[in-house]
Amino acid sequence: MTAPAEEPQPAVPYGTPDAPRIAVRGEARLEVDPEIARIGITVASRGKDRRAALDDLTRRNTTVLDLVKTYGDAVERLETGAFSISPELRDKGRGERVHAYHGRVHITAVLTDFTALGELTTRLADLELTRVDGPWWALRPDSPAHREARQQAVREAVQRAREYAEALGTSLAALVELADIGAENATPPYPPAPGGRMRSMAYGAAEESAAAPLDLEPERQRVHAQVNARFTMAPPRL
């Protein structure tokens with residue numbers, strides 16, 4: 001006759017007298033220089049008919065793209081976003097008569113050279129019917145700053161647990177669990193807010209002499225990391 005299998009024993013969430021547990025939180029906050037800056041460029045056009053507005057927009061868009069590309073490796077990414085050609089109706093008169101057409105195209109540029117950024121932003125703002133938004137400062141997703149913050153948070157958790165154990169006249173025995181805050185009940189990811197506030201916006205008209213480059217001060221980035229950690233410790237003598 002086969003002996004019945006032993007039922008698994010439920011886990012003890014708070015440890016036992018022979019293996020007490022310590023639960024702590026480790027946290028780190030860093031301030032570091034940004035690695036990239038993003039600017040938004042809006043190129044506009046206007047024409048009496050659709051073709052004229054489209055041709056003008058094509059020309060202005062090419063001018064902007066060519067200008068940005070002259071900065072070579074300083075530009076990490078250049079992308080074209082939304083594009084539109086829309087009619088402008090007359091305010092007066094009967095019927096829906098088109099007065100003019102407006103064109104618009106949005107471009108995003110990401111730069112790593114902040115000296116070039118100030119010069120490029122000024123030159124773009126100096127173009128007719130061209131709007132510049134930004135810059136928005138940020139770190140790359142794989143920035144070493146994120147790793148450093150996580151490591152500091154872990155070291156703080158270990159140090160805090162060790163101090164608790166020492167206060168009881170004992171020492172840590174083993175790590176039971178280490179988890180990011182919210183890792184067990186993570187919410188669906190969503191796009192992060194732009195890194196840094198808007199710093200400039202301009203409509204410019206081309207002039208005979210070039211405008212002086214903007215002096216931009218990069219905005220320091222805040223990196224935050226938190227972990228939960230649980231340890232066992234040798235039984236203290238109370």
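**View 1. Leucine 129 and its surroundings in the predicted model**. In this predicted model, leucine 129 has a relative accessible area of 35%, and because this value lies between the limits of 20% for buried and 50% for exposed, leucine 129 is classed as partly exposed. The residue sits in the loop that links helix α2 (114-125) to strand β6, and its phi is near 50°, which is a positive value in a residue other than glycine.

**View 2. The cis peptide bond between glycine 134 and proline 135**. The bond that joins glycine 134 to proline 135 is cis, with omega at about -5°, and proline 135 belongs to strand β6, which spans residues 130-138.

**View 3. The open sheet of four strands**. The strands follow the order β1-β2-β9-β7 and pair in the antiparallel sense, with β1 (15-16) and β7 (172-180) as the edge strands, each of which pairs on one side only. Helix α3 (residues 144-167) lies across β2 (19-32), β7 and β9, and runs at about 145° to β2.

**View 4. Antiparallel pairing of β9 with β7**. Seven bridges connect β7 with β9, the latter formed by residues 221-233. Leucine 178 has alanine 229 of β9 as its bridge partner, while glutamate 177 stands opposite arginine 230, also in β9.

**View 5. Antiparallel pairing of β9 with β2**. Here twelve bridges connect β2 and β9, and glutamate 27 has its bridge partner in β9, namely glutamine 226.

Terms used. Residues are numbered from 1 along each chain as its sequence is written. This is a predicted model: local features need pLDDT of at least 70, side-chain atom pairs count only at pLDDT 80 or more; totals for chains, interfaces and linings use all residues. Side-chain values use heavy atoms; hydrogens and water are left out. Two strands pair if DSSP finds at least two bridges between them. Helices (H or I, at least four residues) and strands (E, at least two) are DSSP runs, numbered from the N terminus. Contact means heavy atoms within 4.5 Å. Axes are lines fitted to C-alpha atoms, for helices over the stretch in contact, and angles run from 0 to 180 degrees between N-to-C directions. Buried means under 20% relative accessible area, exposed over 50%, partly exposed in between (1.4 Å probe, protein chains only).
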